[in-house]
Amino acid sequence: MRRYILIAFLSSLPILTQSTNVVLTNDDGWATAQIRAEYDALKAAGFKVVLSAPAVDKSGTGASTTTPTVLATSCEFNTCPVGSPAEGFNASDPFLNYVNGFPVDAVRYGIQTLAPKLLGAKPDLVISGSNVGSKCSNLGRISGSGTVGAAGEAALEGIPSIAFSGSTASQVSYTDLTTNPTSTSSIAAHIYTTLTLKFVNTLLANPAGSPLIPAGVSVNVNYAPTTNCPSASSFSFIFTRLLPSTTATDVVTCGRNQLPDETSTIRSGCFATVSVFNASTKLDVSATFQGAVLNKVQSILSCL
């Protein structure tokens, strides 16, 4: 049933997706169920997408970077052998790529090399995640997140970006999507994928004339656990800030100029939080920058 719901949703997406180049990345690795579910769904929706993600799990590596090297161990879930090149691809689908480095290295390779080569131009958007595990307001978790680090790197390279993270699931192979479709991880992957496509589609549906996302900032989206939220329709999007504050003056929405923080919101129900952060500092941005994003996605937002 969930597959049919996702297909119905994809068929409703506007034709504009067909001209949108996307680099898809994460910090959990190129062969996890979550990123492959999103890759398949983005393609089915008409996006031109290339996946460029770490060869192995690189969670918690923030904005770390290195020179990719030949693999001394196999790729995660034995998807490529020891001795494989520093960058490689799936033999049956060259749009599925790994980088033996950090998430920042993977997204750079996707932006600078793979997108021009395979999509014919640099990407219009970078989607980082969905990460397995939420990345909410605690500053250490934000700055230490490879998912957020990759989104921040894309923004610093001038590419609009969004970091997505989901509270439910574990780091399982993409093969689980077909061999164990009713598992918690597989179900969560499809729910979070549907929500991600809804958010991206809303962002892209706004009229041209202003940047998709302001330069130098990115967006952090977190999904609550699916335990008591059994479908994508269970979730409501809430505009939030990274860190709680009683003194900050935020963009006015829902009749107030102080936004709820991510962590308390996620803990309070079936919510998807939307926060805007500075790509360099990984901190909250001004009301002006918040407002630029709020105006793009207002149509899907709810109030607490």
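Strand β6, residues 161-166, is mostly covered in this predicted model: 6 of its 6 residues are buried. It pairs with strand β5 and with strand β7, and one of its residues, phenylalanine 164, belongs to an aromatic cluster. The structure also holds 2 cavities of 30 Å³ or more. The points below take the strand, the aromatic rings, the charges over rings and the cavities in turn.

**Strand β6 and its neighbours**

- Both faces of β6 are covered. On one side Ser161, Ala163 and Ser165 are buried, and on the other side Ile162, Phe164 and Gly166 are buried.
- In a regular strand, side chains alternate between the two faces of the sheet.
- Strand β5, which spans residues 125-132, pairs with β6 in the parallel sense over 5 bridges. Within this pairing, asparagine 131 has serine 165 of β6 as its bridge partner.
- Strand β7, which spans residues 217-223, also pairs with β6 in the parallel sense, over 5 bridges. Here the bridge partner of isoleucine 162 is valine 219 in β7.

**Aromatic pairs and cluster**

- The count of aromatic pairs comes to 6.
- One pair joins tryptophan 30 and tyrosine 98, and it is edge-to-face because the ring planes stand at 65°, with the centres 5.2 Å apart. Planes over 60 degrees apart count as edge-to-face.
- Tryptophan 30 lies in the loop between β1 (21-25) and α2, while tyrosine 98 lies in strand β4 (residues 93-99), so this pair ties together parts that are 68 residues apart in sequence.
- Both tryptophan 30 and tyrosine 98 are buried.
- Phenylalanine 164 and tyrosine 223 form a stacked pair, at 6.2 Å centre to centre and with 20° between the planes.
- This stacked pair links distant parts of the chain, with phenylalanine 164 in strand β6 and tyrosine 223 in strand β7, 59 residues apart.
- Phenylalanine 164 counts as buried because its relative accessibility is 0%. Tyrosine 223 counts as buried because its relative accessibility is 0%.
- One aromatic cluster is formed by Phe164, Tyr192, Phe199, Tyr223, Phe235 and Phe237.

**Arginine 36 over two rings**

- Arginine 36 lies over the face of tryptophan 30, at 5.2 Å from the ring centre.
- The charged end of arginine 36 also sits over the ring of tyrosine 174, 4.3 Å from the centre of that ring.

**The largest cavity**

- The largest cavity contains about 70 Å³ of space.
- Its lining is made up of Ile238, Phe239, Thr253, Cys254, Arg256, Leu259, Pro260, Gln298, Leu301, Ser302, Cys303 and Leu304.
- Strands β8 (236-239) and β10 (301-302) each supply at least two residues of this lining.
- By class, the lining of the largest cavity has 8 nonpolar, 3 polar and 1 charged residues.

**The second largest cavity**

- The second largest cavity contains about 40 Å³ of space.
- It is lined by Thr32, Ala33, Gln34, Val132, Ala169, Ser170, Val172, Ser185 and Ala189.
- The elements α2 (33-44) and α7 (184-205) are those that give two or more residues to the lining of the second largest cavity.
- By class, the lining of the second largest cavity has 5 nonpolar, 4 polar and no charged residues.

Definitions and conventions: Residues numbered from 1 in each chain as written. Predicted model: local features only at pLDDT ≥ 70, side-chain atom pairs only at ≥ 80, totals over all residues. Heavy atoms only, no water. Buried < 20%, exposed > 50% of the residue type's maximum accessible area, 1.4 Å probe, protein only. Helix = DSSP H or I, 4+ residues; strand = E, 2+ residues; numbered from the N terminus. Pairing = 2+ DSSP bridges. 1 Å grid on protein atoms, 1.4 Å probe; cavity = no way out; pocket = protein on both sides within 12 Å on 5 of 7 lines; lining within 4 Å. Points joined across faces, edges and corners; volume = space filled by probe spheres on them. Nonpolar A, V, L, I, M, F, W, Y, C, P; charged D, E, K, R; others polar. Phe/Tyr/Trp six-rings, centres within 6.5 Å; stacked < 30°, edge-to-face > 60°. Lys NZ or Arg CZ within 6 Å of the ring centre and 35° of its normal.
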